[in-house]
Every structure is written in structure tokens, then in C-alpha cells.
Amino acid sequence: VKAVVTGAARGIGRAISHRLARDGYSVVMVDVSSGLADAALDVERSGSEPVPIQVDLTSPSGIDTVIEACDGRLDLLVNNAGITRDSRLVNMTDEAFDSVIEVNLGVAYRLSVAAVPVMAPAGAIVNIASRAYLGNFGQFNYSMSKGGVVGLTRAMALRLAPDVRVNAIAPGLIGTEMAMGIPEDIREKMVAAIPLARMGQPEEVAALVAFLGSGQASYLTGQVVVIGGGRSFT
Ligand SMILES: NC(=O)c1ccc[n+]([C@@H]2O[C@H](COP(=O)([O-])OP(=O)(O)OC[C@H]3O[C@@H](n4cnc5c(N)ncnc54)[C@H](O)[C@@H]3O)[C@@H](O)[C@H]2O)c1
């Protein structure tokens, strides 16, 4: 079985790659960052042979390279690559708006469409959205992009049924470099609002990806699962 994980160089994507490799997938790890080589080596040490592909997924040739690496068969596509460019609405530049929509939504859309011809009949797509799709202060562009990912998930689930299942995961605050980019005082306030009283771990998101991608989730499609320690509304 074969999986593609985008944004695999660090954080949640790296943990997903590890988990899927352990579950027996041959994992195509995709990232624009040079940190990908190290992440792939790490997965290799745990006994599998990942295929690292260092490309910018906002370029058409980047998408083509990933699809070629699938050799005509893909069982699980994980659209995880994402960026933030936070600012208050009055300070939001067009460039910050466009880049976040392009990476978080445009890439997930284009890679999903390109993958359709190679998706295995009982395959699955898992899109990493965010709890921020419900709306976050200072994250207009990001919230919009993730709301778009939810729409993509639901439309694609209809398009690919009854063969391929498509679901989204909406993580709350997960302890990665991205989350550590949030100023400490704000991060502490965010943690204080989480019923389970801590940030989530990348491995906990990876476990949910593994479940949604597996036959155990065979009657689940078009859904958004919030993994946020109980904080799932505002
Ligand atoms: N960390 C959190 O609290 C949190 C919460 C909710 C949702 N998410 C989402 O989970 C996903 C992973 O987040 P993370 O915290 O691991 O982030 P991260 O910043 O640690 O990792 C994201 C990876 O995506 C890669 N990437 C970015 N643009 C790319 C491009 N154009 N082409 C190829 N690769 C590209 C980056 O190089 C990076 O390695 C993102 O979609 C993010 O929005 C994260």
C-alpha cells in the first residue's frame, strides 16, 4: 500500500509519515524544505523505505513529480502541507492572503484532482484542515483557507464515492514549530481554554490519520473530525 504525505519534513506531517510507515505503507514524503532529507532518514531508521520528494507544491511541476512517484497507484493521500501568515485584518496584505489560500487550499485541491486517476479503488484522502475554520482572531486568511479545505473535502467525497473516501481533520493547538511561532503569552491563554489542559501531540493527529485512512473507517466519508482536547467551538 502506498501513501503520499505533504509537508512531511517536520511537525504533524513528519509524525504522520512515521506512523504510516510503521503501519506498512510505502510513504512518499513531500516537502519544499531541505529538512526533508533528515525526516526521511528518520523514517528509514524505523525500518521502511520512504521516497522523499523535495518540491514546491505551488508549482505545477511539483504536483506532476509527486504523481509520477506514485507509479500509477495511491492508497492514501494526506494533504497536510500548510502555512500561516497571521495579522490583524487591517494589516493583512494581498500577498499574505494569496499565499495562504494558495498553499493551504490551492495545493490540496490541485494535488487531489491530479491524484484521482491513480487512486486505488478503496483508497482514501485525508485533508488536514484546522479548528480555525470556525474562525480565529488574527487569522482571516488561514481561517478562510481551512474553511475551503472543509468544502473541498465534502465536494470531493461526493465526487469520489463510492470508491474513495475523503475526510478532514481539524486539529486544535498541536505542539509543532508552527504552534511555537505563536507568542508565548497568547499560547498560554489558548492552552488555558483547552478542557484537556494541554496542547496535542503530532502523534495523536497521526493516529487519527491512520484510522481514517484504514478500512476501520470504511463507512466514514465527507466528515470533519475535530481533534482539539475538547475545545471545538469558539
Ligand atoms: N500546529 C498546529 O497547532 C496546527 C493546528 C491546526 C492545523 N494545523 C495544520 O496542520 C498542518 C501541519 O502543521 P504543522 O504544525 O506540522 O506545520 P509546520 O509548519 O511544522 O509544517 C508544515 C510543513 O509544510 C511544508 N510546506 C509549506 N509550504 C509548502 C509547499 N508550498 N510545498 C511543499 N511543502 C510545503 C513546510 O515546509 C513544513 O515542513 C498544516 O496544514 C497546519 O495548517 C496545525
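Let's call a residue buried under 20% relative accessible area, exposed over 50%, and partly exposed in between, using a 1.4 Å probe and protein chains only. By that yardstick glutamate 102 is partly exposed, at 26% relative accessibility. Keep in mind that this is a predicted model: local features need pLDDT of at least 70, side-chain atom pairs count only at pLDDT 80 or more, and totals for chains, interfaces and linings use all residues. Residues are numbered from 1 along each chain as its sequence is written, and side-chain values use heavy atoms, with hydrogens and water left out.

Glutamate 102 has a partner: its side chain meets that of arginine 110 in a salt bridge, at 2.6 Å from N to O. A salt bridge here is a side-chain nitrogen of Lys or Arg within 4 Å of a carboxyl oxygen of Asp or Glu. Arginine 110 is also partly exposed, at 38%. Searching the whole structure turns up eight salt bridges. One of them joins arginine 85 and glutamate 95, with the closest N and O atoms 2.9 Å apart. Arginine 85 sits in the loop between β4 and α4 and glutamate 95 in helix α4, so this pair ties together parts 10 residues apart in sequence. Helices (H or I, at least four residues) and strands (E, at least two) are DSSP runs, numbered from the N terminus. Elsewhere, Arg14, Asp38, Asp42 and Arg45 are linked in a salt-bridge network.

Now for the inside. What does a search of the whole structure find at 30 Å³ or more? It finds one cavity, holding about 70 Å³ of space. A cavity is a set of points, on a 1 Å grid over the protein atoms alone, where a 1.4 Å probe fits but cannot get out; lining residues have an atom within 4 Å of a point. The volume is the space filled by probe spheres set on the points, which are joined across faces, edges and corners.

Helix α4 (94-115), strand β5 (119-128) and helix α5 (140-160) each supply at least two lining residues, and α4 gives the most, with four. Among the lining residues are Val103, Asn104, Ile128 and Lys146. By class, the lining has six nonpolar, five polar and one charged residues; Ala, Val, Leu, Ile, Met, Phe, Trp, Tyr, Cys and Pro count as nonpolar, Asp, Glu, Lys and Arg as charged, and the others, Gly among them, as polar.

Technical notes
1 Å grid on protein atoms, 1.4 Å probe; cavity = no way out; pocket = protein on both sides within 12 Å on 5 of 7 lines; lining within 4 Å.
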